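Please load the model in your viewer and keep the selection tool at hand. We will walk from one selection to the next, and at each stop I will tell you what is there.

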Amino acid sequence: MSIIGVISMKGGVGKTSATANLSVALAATLGGERVRTLDLDPQNALHWHFGNTEDHAPGVCTQSIAGGDWSAIARTADCGIVCLPYGDATEIERQAFESLLAEQPGWIGQQLRHYGIDHDALVLIDTPPGPSVYLRQVFACADLVLLVLMADAGSYAAIPAMEGWLASFPQSLLRAHYLLNQVDRSEALNRDTAAFLRQHLGNRLCPVDIHRDEAVGEALAFQRTVLEYEPHAQASLDWTRAAAWLLDTLAHTPPR
């Protein structure tokens, strides 16, 4: 089993969309039954991309603090991917879950192993923006960490803070890569910022830029990923190429 953590230092960069679309692109290569997604973001938005609109259904948060089996809350998408949603939770339940994670730094990795996922499966974990107890759990178990950025000043300004956080987890720093999302080369500032980030980050940046594409928003309106909604859209082609890069990078990443 390989684990990929999808993270960001700031919100609004398309991190959850990246998790969903990458998982579908990976499933097209590996088969949906080999790809799993885990939502560790209390916003509980990942399941929307897979057509699951049960906002008030339980998820890993309440199931975990109750000592229940994650299999009971798993949702299988049409493409075969299994999604483990964060689920509907009260503030008290969220705090209890976060206390559990704070007390046991390797707990998520242990649960994934106990969940019974096949040895050749690939798990993508979505996390809330910025440093958190969820991010610490991902750093403890992920084989590769993917940081999602946009080609804007806000993302660039957040890099030093993210690098500082990664530096406190030396193994994660070695496994961390960046991905540029929603690139619009028709805008000079966006294009120049993307070029600057590529120069600054070098081979730590995915060679595939994910272009801004209206089809992505349209797909979400129908609770689908862009690859399922419009397979020939520019963003769909980008995600397919990014998934191929991700598999190659994972294959060349030293084991934890």
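Before the first selection, one term: a residue is buried when its relative accessible area is under 20%, exposed when over 50%, and partly exposed in between, with a 1.4 Å probe and protein chains only. This is a predicted model, in which local features need pLDDT of at least 70 and side-chain atom pairs count only at pLDDT 80 or more, while totals for chains, interfaces and linings use all residues. Residues are numbered from 1 along each chain as its sequence is written, and side-chain values use heavy atoms, with hydrogens and water left out.

**Stop 1: leucine 146**

Select leucine 146, which is buried at a relative accessible area of 1%. Leucine 146 belongs to strand β6; strands (E, at least two residues) and helices (H or I, at least four) are DSSP runs, numbered from the N terminus. Now show its contacts, meaning heavy atoms within 4.5 Å. Leaving aside residues up to four places away in sequence, leucine 146 touches Gly5, Val6, Ile7, Leu22, His177, Tyr178, Leu179 and Trp245. Its bridge partner in β7 is histidine 177.

**Stop 2: strand β7 and the sheet**

Next, select β7 (176-181). Which way do its side chains point? Ala176, Tyr178 and Leu180 point one way, and His177, Leu179 and Asn181 the other. In a regular strand the side chains alternate between the two faces of the sheet. Six of the six residues of β7 are buried, so the strand is largely enclosed by the rest of the structure.

β7 and β6 pair in the parallel sense over six bridges; pairing requires that DSSP finds at least two bridges between two strands. Widen the selection to the whole open sheet: seven strands in the order β3-β4-β2-β5-β1-β6-β7, with mixed pairing. β3 (75-76) and β7 are the edge strands, each pairing on one side only. Elsewhere in the sheet, β2 (residues 35-39) and β4 (residues 82-84) run parallel and are joined by three bridges.

**Stop 3: helices on the sheet**

Add helix α6 (residues 153-167), which lies across β1 (2-7), β6 (144-150) and β7 and runs at about 160° to β6. Such angles run from 0 to 180 degrees between N-to-C directions, with axes as lines fitted to C-alpha atoms, for helices over the stretch in contact. Then add helix α11 (residues 234-251), which touches β1, β5 (122-126), β6 and β7, and whose direction makes about 175° with that of β7.

**Stop 4: aromatic rings**

Now colour the aromatic residues. The structure holds seven aromatic pairs. Rings of Phe, Tyr and Trp (its six-membered ring) pair if their centres lie within 6.5 Å; planes under 30 degrees apart count as stacked, over 60 as edge-to-face and the rest as tilted.

Pick phenylalanine 97 and tryptophan 107: they are edge-to-face, 6.3 Å centre to centre with 80° between the planes. Phenylalanine 97 lies in helix α3 (residues 91-103) and tryptophan 107 in helix α4 (residues 107-114), so the pair ties together parts that are 10 residues apart in sequence. Both residues are buried.

For a stacked pair, go to phenylalanine 222 and tyrosine 229, whose ring centres are 5.6 Å apart and whose planes are at 20°. Phenylalanine 222 is exposed at 53% relative accessible area, and tyrosine 229 is partly exposed at 28%.

Finally, select Trp70, Tyr86, Phe97, Trp107 and Tyr134, which ring pairs link into a cluster. Serine 64 touches Trp70, Phe97, Leu100 and Trp107, not counting residues up to four places away in sequence.
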